[in-house]
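Subject: Structure handover

Hello,

Here is the structure we talked about. Please open it alongside this message.

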Amino acid sequence: VYSPDYNITFMGLEKLHPFDAGKWGKVINFLKEEKLIADDLIVQAREATDEDLLVVHTRRYLNKLKWSFVVATITEIPPVAFLPNFVVQRKVLKPLRTQTGGTIMAGKLAVDRGWAINVGGGFHHCSSDKGGGFCAYADITLAIKFLFERVQGVSRATIIDLDAHQGNGHERDFMDDPRVYIMDAYNRYIYPGDGFAKRAIKRRVELEWGTEDAEYLQKVQTHVEGALNEFQPDIVVYNAGTDVLDGDPLGGLAISPQGIVKRDEVVFRAARSRGVPVLMVTSGGYQKRTARIIADSILNLHGLGLLAGGQAACALGSPSLDQMVRDSAKDFSNLSLQ
């Protein structure tokens with residue numbers, strides 16, 4: 001699931017934040033170069049409307065986003081505070097709303113087909129009434145709430161959050177919701193350090209500075225398997241941040257590109273072997289090479305047969321998947337999943 005509208009470009013302002021605001025388009029370009037996908041195999045994400053966002057967000061919070069200085073604080077790009085809000089809405093928030101719409105759509109697609117990858121999304125620091133850490137909309141919470149409210153047979157969800165940062169947004173949103181099980185593995189010393197939100201984590205994996213592949217992959221394997229044995233969900237939402245990569249300026253961990261590819265494989269294998277649909281979002285990653293790593297991971301998942309249709313194991317690019325994506329695109333003629 002993707003749209004060219006995901007990418008943030010405006011007079012170079014996006015370069016003032018370490019996030020690569022064009023990484024999503026680069027992932028798609030790498031996958032096209034490898035002949036894995038073509039334009040007609042992409043479900044076009046649609047922008048989430050206010051009505052969609054109000055499924056989770058408070059009106060008060062959405063109104064706050066009409067103040068440019070609030071958006072500047074959330075996105076951590078100070079000059080945004082001095083721009084007219086209509087420009088901020090169009091150039092900064094619309095891409096984030098479109099990625100949020102993509103996550104909601106991908107949730108429905110995952111349930112229908114067994115898996116879905118939103119090439120964007122994963123705004124795990126945003127909760128119903130507060131944004132932060134480049135996250136203005138709570139797309140993970142929204143996707144799960146949409147599924148609970150509007151898709152029959154989905155009443156339990158597991159969030160596996162492997163971004164280097166604690167996912168305090170969805171943790172606050174699902175604090176007292178027994179339908180949602182949260183596993184979170186993160187660097188214990190970095191942003192956001194949200195002690196209150198930690199109370200919502202059912203399986204907490206706190207990592208040390210500079211954690212490397214061997215220890216990391218062993219912990220991921222053990223705890224993903226444990227989480228899925230402990231709680232049987234109807235969907236897994238996988239927050240696959242690449243900011244665990246060695247050298248990431250914000251993550252503080254030391255995972256190799258091969259380690260990230262293997263990590264994603266572990267999660268998909270665990271979910272799909274249990275017949276649980278998996279929705280992957282790409283979340284954080286603050287180096288230019290992360291787009292290539294995300295693409296390599298998707299190529300690996302495909303090569304291992306982990307990206308197959310619901311019941312039928314159809315390979316990506318085969319006529320059956322081709323038809324599957326076209327059918328799915330028709331399903332999304334309106335985002336609200338009616």
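Below is what was found in it, starting with the sheet.

Please keep in mind that this is a predicted model.

The sheet

The sheet is open and has 6 strands. Their order is β1-β6-β5-β2-β3-β4, and the pairing is parallel. β1 (115-118) and β4 (203-207) are the edge strands. Each has a single partner, so one side of each lacks a neighbour in the sheet. On average, neighbouring strands are turned by 10 degrees against each other, direction ignored.

At the β1 edge, the partner is β6 (residues 278-281), paired in the parallel sense over 4 bridges. I117 sits opposite M280 of β6.

Helices on the sheet

Helix α5 (residues 85-113) lies across β1, β5 (235-239) and β6. It runs at about 165 degrees to β1. Helix α9 (residues 213-230) also packs on the sheet. It touches β2 (157-161), β3 (180-187), β4 and β5. The direction of α9 makes about 170 degrees with that of β4.

A helix pair

How do α10 and α11 pack, and at what angle? Helix α10 (residues 257-273) meets helix α11 (residues 290-303) at about 45 degrees, and their axes are 9 Å apart. That angle makes α10 oblique to α11. The crossing is right-handed. On the α10 side, the contact uses P257, I260, V261, D264, E265 and F268. On the α11 side, it uses I293, D296, S297, N300 and L301. By class, that is 6 nonpolar, 2 polar and 3 charged residues.

Helix α11 also holds L299. L299 and L31 are 268 residues apart along the chain, yet their C-alpha atoms are separated by 7.7 Å. Neighbours within four places in sequence aside, L299 contacts L31, E34, L36 and R292.

Backbone points to check

Most residues other than glycine have a negative phi, and most peptide bonds are trans. Three places depart from that pattern, as listed here.

- Y191 and P192 are joined by a cis peptide bond, with omega about 5 degrees. P192 is in the loop between β3 and α8 (195-198).
- F134 has a positive phi of about 75 degrees and is not a glycine. F134 belongs to the loop between β1 and α6 (139-150). Its relative accessible area is 6%, so F134 is buried.
- S283 has a positive phi too, near 55 degrees. S283 is in the loop between β6 and α11. Its relative accessibility is 5%, so S283 counts as buried.

Best regards

Technical notes. Residues are numbered from 1 along each chain as its sequence is written. This is a predicted model: local features need pLDDT of at least 70, side-chain atom pairs count only at pLDDT 80 or more; totals for chains, interfaces and linings use all residues. Side-chain values use heavy atoms; hydrogens and water are left out. Axes are lines fitted to C-alpha atoms, for helices over the stretch in contact, and angles run from 0 to 180 degrees between N-to-C directions. Helices (H or I, at least four residues) and strands (E, at least two) are DSSP runs, numbered from the N terminus. Angles under 35 degrees count as roughly parallel, over 145 as roughly antiparallel, 65 to 115 as roughly perpendicular and the rest as oblique. A crossing is left-handed if the near helix is turned anticlockwise from the far one by less than a right angle, and right-handed if clockwise. Contact means heavy atoms within 4.5 Å. Ala, Val, Leu, Ile, Met, Phe, Trp, Tyr, Cys and Pro count as nonpolar, Asp, Glu, Lys and Arg as charged, and the others, Gly among them, as polar. Two strands pair if DSSP finds at least two bridges between them. Buried means under 20% relative accessible area, exposed over 50%, partly exposed in between (1.4 Å probe, protein chains only).
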